[in-house]
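Here is a short set of questions on contacts, core and confidence. Look at the model first.

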Amino acid sequence: MTSYDEEQLGALLSALPPAPEAWVKAAKELPVALERLGEIVERAKADEDYRRRLVADPETALEEADVVAHTQNIEIIRRRLDEK
Amino acid sequence: MGMHAQLTDGQLVARCRAGDEAAWNELVDRFSRYVYAIAVQAFKLQEHDAEDVFQEVFARAYEHLNKLRDDEAIRPWLAQLTRRLCIDRLRAGSHEQPEDSVDPMDVDDAIDRVDESMAVHEALAILPDGCQDILDRFFARDESYRTISEALELPAGTIASRISRCLAKLKVELEGRNPDVSAS
């Protein structure tokens, strides 16, 4: 690390702007969302018809389960189903 | 400042693993800027791609807390994960933003700079709340003197001098952490 002058310190402080609030909020809510995703996967493992609907239209299945159908949530569902 | 803000990265990870919700919130607060900066500054991802990477990083972090070899190394682990997911994203969306549009050397330099910024932000967290707030608002949030003056109920004419004094304190804090450097 070098010795900084005020201008350098300001530039380094500027280089870490906050992430958008909505992203941070969603990340904080991940544990709850992941728990719900786990329940969805368990249901899919026990119910073949539900599994087919989930694979065919994950967005609707997630919304029905009151989980935001973010890309990463759908990806988590796919990954966990593949882990079977 | 929450009680978890005092914890080391390793202590924080251990609390998260134990299911401590407040610890997870602190972990997200502690590293959200870091992950965001790597995605948008180092890899220059577009906003929607950066958001997907951001959420995926924290989802995988939460899912893999039990598999970390060294709890104190959560930050480099997050950096590596973010880097890998950004590269995947660039490859997947090559029609919009070609992977070769990002020079690996530039990425390395940008991540080094983000790491350096994190060190400065950690030093900032030691300063009195007033200094943390005013420096973060002015530099990281790009707020004007007027906005800061209204938010903090301070005379507009004193903002510049307060920023300068707080920067001086920050410099002392950083040099206290690196005494050899301040003597050079």
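Q: Which residues does Ala39(B) touch, not counting residues up to four places away in sequence?
A: This is a predicted model, where local features need pLDDT of at least 70, side-chain atom pairs count only at pLDDT 80 or more, and totals for chains, interfaces and linings use all residues. Residues are numbered from 1 along each chain as its sequence is written, with chains lettered from A and ligands numbered from 1 in the order in which they are written. Two residues are in contact if their C-beta atoms, placed from the backbone, lie within 7 Å. By that test, Ala39(B) touches Leu45(B), Ala50(B), Val53(B), Phe54(B), Thr82(B) and Cys86(B).

Q: Which helix gives the largest share of the largest nonpolar core?
A: A nonpolar core joins buried Ala, Val, Leu, Ile, Met, Phe, Trp, Tyr and Cys residues through C-beta atoms within 7 Å; buried means 20 or more other C-beta atoms within 10 Å of a residue's own. The core has 70 residues, and Ala39(B) is one of those that touch the most other members. Its largest share, 13 residues, comes from a helix (a DSSP run of H or I, at least four residues, numbered from the N terminus). That helix is α2 (residues 21-42) of chain B.

Q: Which element of chain A gives the most to the side that touches chain B?
A: The contact takes 28 residues from chain A and 40 residues from chain B. On the chain A side, α1 (6-14), α2 (21-28), α3 (30-46) and α6 (71-82) each give two or more residues. The most, 6 residues, come from α1(A).

Q: Which element of chain A has the highest mean pLDDT?
A: pLDDT is the predictor's confidence in each residue, from 0 to 100. Chain A averages 88. The lowest element mean is 84, for α6(A), and the highest is 94, for α2(A).

Note on methods:
Buried ≥ 20, exposed ≤ 12 C-beta atoms within 10 Å, placed from the backbone.
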